[in-house]
Amino acid sequence: MSSSSMPPPPPGGPLTAKDVQAVMPSAVDAGKSVTVAGFKVTTRKLPILNATEIEEMTEKLGIAPPEMIFGNNVVAIEKVGSGEETPWKIEFHALGALDLVDKTGSDMLKVAYSAAWQKQRERMHEGIKEVVKPFDWTYSTNYKGTLSPGAKQFEATQEQIPLDKLRRPDPILFFDDVMLYEDELADNGMSILSVKVRVMPARLLLLARFYMRLDDVVFRIRDTRVFVEFAEGTVIREYQEREDSYENVKKNFPPYREDVPAIMRDANQMTEYLPVRSTVTEKLVL
Amino acid sequence: MPGLPVDLDACIERLYKRELLAEPVIEAICAKTKELLMRESNVVHILSPVTVVGDIHGQFYDLLEIFRIGGFCPDTNYLFLGDYVDRGLFSVETISLLVCLKLRYPNRVHLIRGNHESRGVTQSYGFYTECVRKYGSAGVWHHFTDMFDFLTLSVVINNDIFCVHGGLSPSIHSIDQIKIIDRFREIPHEGPMADLVWSDPDADRDEFALSPRGAGYTFGAQVVKKFLEINDFSHILRAHQLCQEGYQVLYEDRLSTVWSAPNYCYRCGNLASVLEVDDLGARFFNVFDQAPENAENRIDQQPTEKAQVEYFL
């Protein structure tokens with residue numbers, strides 16, 4: 001049960017002004033937030049980083065950030081009003097996600113025509129051996145969010161996110177869709193990480209979805225879902241990887257579809273073409 | 001324009017209003033444009049004053065904003081550095097207008113090829129889909145992409161400023177080596193033609209380096225210096241890279257990036273610029289924000305207030 005000092009509202013009961021305090025864009029962070037039953041959800045969307053900010057981030061990460069880097073964007077879920085000095089908080093931001101990108105280049109993917117390109121290059125310019133610091137330039141991440149320092153940790157669970165509850169047409173009190181980064185992989189596909197969140201009267205769902213398509217090589221989706229049932233104070237986090245080779249996926253596209261290029265740009269549609277490779281579910285109670 | 005069975009001024013008039021041209025008109029215009037472009041060298045020499053425009057990516061209203069800010073054709077001379085299509089919502093309208101302007105004022109409008117002026121890339125990044133959606137078939141896409149094969153690769157202003165979409169190539173020391181490229185083809189994956197539309201500067205380096213992607217180069221400070229010395233130029237002007245400020249100047253003012261798609265993809269929140277080279281050859285970045293029509297014609301894909309509420313799972 002909740003350790004909150006504020007009693008949670010009865011599930012499904014009428015909302016009072018106290019339950020819902022929506023704050024529209026504040027001048028300070030151009031963000032917005034909503035607080036429902038002691039859980040505060042905040043989103044902030046700002047322009048891509050400028051040259052100075054990109055330099056700072058490059059220094060912190062040790063790799064060049066993606067082409068479109070929304071380094072000041074954030075989605076946060078926070079437990080408030082519990083009287084604790086440092087409230088439990090989970091945040092999603094580009095810096096956290098990019099810090100998990102492989103920076104050693106040990107498992108580097110190469111563009112489809114790399115072999116041919118290298119061969120041609122060796123013939124012409126044997127002198128150029130220097131590779132710009134190798135790293136996973138597809139920006140693949142297994143990011144599950146950043147917990148505040150000292151925050152209660154998740155533990156493994158058999159429990160699943162209750163999809164039936166999420167399929168109900170409950171009113172959505174707060175919704176946002178926040179980009180963290182995007183890269184066109186130099187026209188060899190796309191890599192994109194964005195976070196959606198919706199808050200209903202009794203629960204919320206957050207989905208951080210990483211989608212990567214490397215043309216003629218691979219498709220990859222990595223989803224982190226955070227589900228909160230307010231009345232119980234339970235937080236379930238599910239991390240799921242989907243992946244398949246370009247060849248396999250293309251075989252499964254219906255031959256009559258003319259909009260295949262559009263489907264391949266849409267992570268949501270691509271989920272049905274990509275098999276689940278692994279799922280990890282964790283839980284904690286606040 | 002002799003031999004062209006359409007009234008170009010009427011076409012331009014319509015396109016300024018964002019009206020589409022009929023497919024047979026596009027076909028005729030592209031055929032005529034090919035004839036015109038075929039006669040251009042791989043290195044076109046022009047004189048200032050000229051306003052240089054970077055990536056537009058189908059952001060039609062922002063192109064109109066550029067004309068409002070920089071002056072309409074033919075009062076202002078324009079050099080476009082490529083990437084006219086893909087990503088934005090109005091690639092067809094954008095490239096239709098630019099091609100008509102090129103045909104109408106061939107010595108006052110110059111179009112360089114960008115990496116998106118290619119069959120392969122436009123199939124992945126939106127132009128193909130847009131053509132099929134707006135015309136019901138891929139015919140228009142074929143006309144345009146066939147014409148792209150004829151676009152020039154570089155322009156030199158006042159025999160002093162070298163303009164290209166991407167950057168330099170380890171195969172090219174002198175611009176004479178650009179002149180001998182067989183450019184009338186799809187952009188290849190490798191070789192000097194690919195490098196010109198592809199490569200990026202890397203300010204932390206001196207020489208060429210391989211991209212970690214396994215194809216493509218970055219070029220450093222010494223490469224730029226040497227290229228300028230050999231060719232007796234003072235500056236390299238290129239596009240190809242998004243920058244939040246709308247432009248970036250590197251290598252002690254030896255290279256500039258100009259980016260002309262504000263609020264790129266209707267969500268990046270970045271500024272844009274055009275670079276004005278005056279009659280004496282002095283450079284001035286004219287920085288601008290996104291056109292007001294972007295908001296009116298829907299679109300802020302990074303909406304701050306009214307996000308499309310969605311029952312995602």
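The questions and answers below walk through a predicted model with chains A and B.

Reader: Let's start with the sheet in chain B; what is the order of its 6 strands?

Author: Happy to begin there. This sheet is open and its pairing is mixed. From one strand to the next, the twist averages 20°. Read across, the order is β1-β5-β6-β10-β12-β11.

Reader: Which are the edge strands of that sheet?

Author: An edge strand here is one that pairs on one side only. In chain B that description fits residues 43–46 and residues 247–250. Those two strands are β1 and β11.

Reader: Moving inward, which residue of β10(B) is the bridge partner of Phe162(B)?

Author: Phe162(B) belongs to strand β6, residues 161–164 of chain B. On one side, β6(B) pairs with β5(B), residues 154–157, in the antiparallel sense over 4 bridges, and Val156(B) stands opposite Phe162(B) there. With β10(B), β6(B) pairs in the parallel sense over 3 bridges. In β10(B), the partner of Phe162(B) is Ile236(B).

Reader: Are the residues on the two faces of β6(B) buried or exposed?

Author: One side carries Ile161(B) and Cys163(B), and the other carries Phe162(B) and Val164(B). Both faces are covered, and these four residues are all buried.

Reader: And which residue in the turn between β5(B) and β6(B) has a positive phi?

Author: The two strands form a hairpin, with 3 residues between them. One residue in that turn has a phi of about 55°. That residue is Asn158(B).

Reader: Continuing across the sheet, which residue stands opposite Arg238(B)?

Author: Strand β10 of chain B covers residues 235–238, and 3 bridges join it to β12(B), residues 255–258. These two strands run parallel. Opposite Arg238(B), in β12(B), stands Thr257(B).

Reader: Now the helices: how many Å apart are the end C-alpha atoms of α2(B)?

Author: Helix α2 of chain B has 16 residues, 23–38. At 1.5 Å a residue it should span 22 Å, so the computed distance can be checked against that figure. The two agree, with the ends 22 Å apart.

Reader: Which helices are included in what covers the buried residues of α2(B)?

Author: The buried residues of α2(B) are Ile26(B), Ile29(B), Cys30(B), Lys32(B), Thr33(B) and Leu37(B). Their cover includes two helices of chain B, at residues 91–104 and 139–148. Those helices are α4 and α7.

Reader: How many of the 14 residues of α4(B) are buried?

Author: First, its length: α4(B) reaches 20 Å from its first C-alpha to its last, close to the 20 Å expected at 1.5 Å a residue. The helix is largely enclosed by the rest of the structure, because the count of its buried residues is 13 of the 14.

Reader: Which residues touch the most other members of the largest nonpolar core?

Author: In soluble globular proteins, nonpolar side chains tend to be buried together. The largest core here has 154 residues. Leu180(A), for one, touches residues including Phe70(A), Phe92(A), Ala94(A), Leu193(A) and Val195(A). The residues touching the most other members are Leu180(A), Val52(B) and Cys163(B).

Reader: Where is Pro49(B), and where is Pro74(B)?

Author: Both follow a cis peptide bond: Ser48(B) to Pro49(B) has omega near 5°, and Cys73(B) to Pro74(B) has omega of about 0°. Pro49(B) lies in the loop between β1 and β2 (50–53) of chain B. Pro74(B) is in the loop between α3 (60–70) and β3 (78–80) of chain B.

Reader: Does Ala186(A) count as buried or partly exposed?

Author: Ala186(A) sits in the loop between β9 (174–183) and β10 (189–199) of chain A, and its phi is positive, near 50°. A residue needs 20 or more C-beta neighbours within 10 Å to be buried. Ala186(A) has 16 inside that distance, so it counts as partly exposed.

Reader: And does Cys265(B) count as buried or exposed?

Author: Cys265(B) also has a positive phi, about 60°, although it is not a glycine. Its loop runs between β12 and β13 (272–277) of chain B. Because Cys265(B) has 20 C-beta neighbours inside 10 Å, it counts as buried.

Reader: Finally, what feature does UniProt place at residues 112–117 of chain B?

Author: In the model, this stretch is 0% helix and 0% strand, and its end C-alpha atoms are 9 Å apart. The name comes from an unreviewed UniProt entry, which gives "domain: Serine/threonine specific protein phosphatases".

Technical notes:
Residues numbered from 1 in each chain as written. Chains lettered and ligands numbered in written order. Predicted model: local features only at pLDDT ≥ 70, side-chain atom pairs only at ≥ 80, totals over all residues. Pairing = 2+ DSSP bridges. Axes fitted to C-alpha atoms, helices over the stretch in contact; angles between N-to-C directions. UniProt positions renumbered as here; feature names shortened; annotations may be inferred. Expected span 1.5 Å × (residues − 1). Buried ≥ 20, exposed ≤ 12 C-beta atoms within 10 Å, placed from the backbone. Contact = placed C-beta atoms within 7 Å. Core = buried A, V, L, I, M, F, W, Y, C linked by C-beta atoms within 7 Å. Lists of a residue's contacts leave out its neighbours within four places in sequence.
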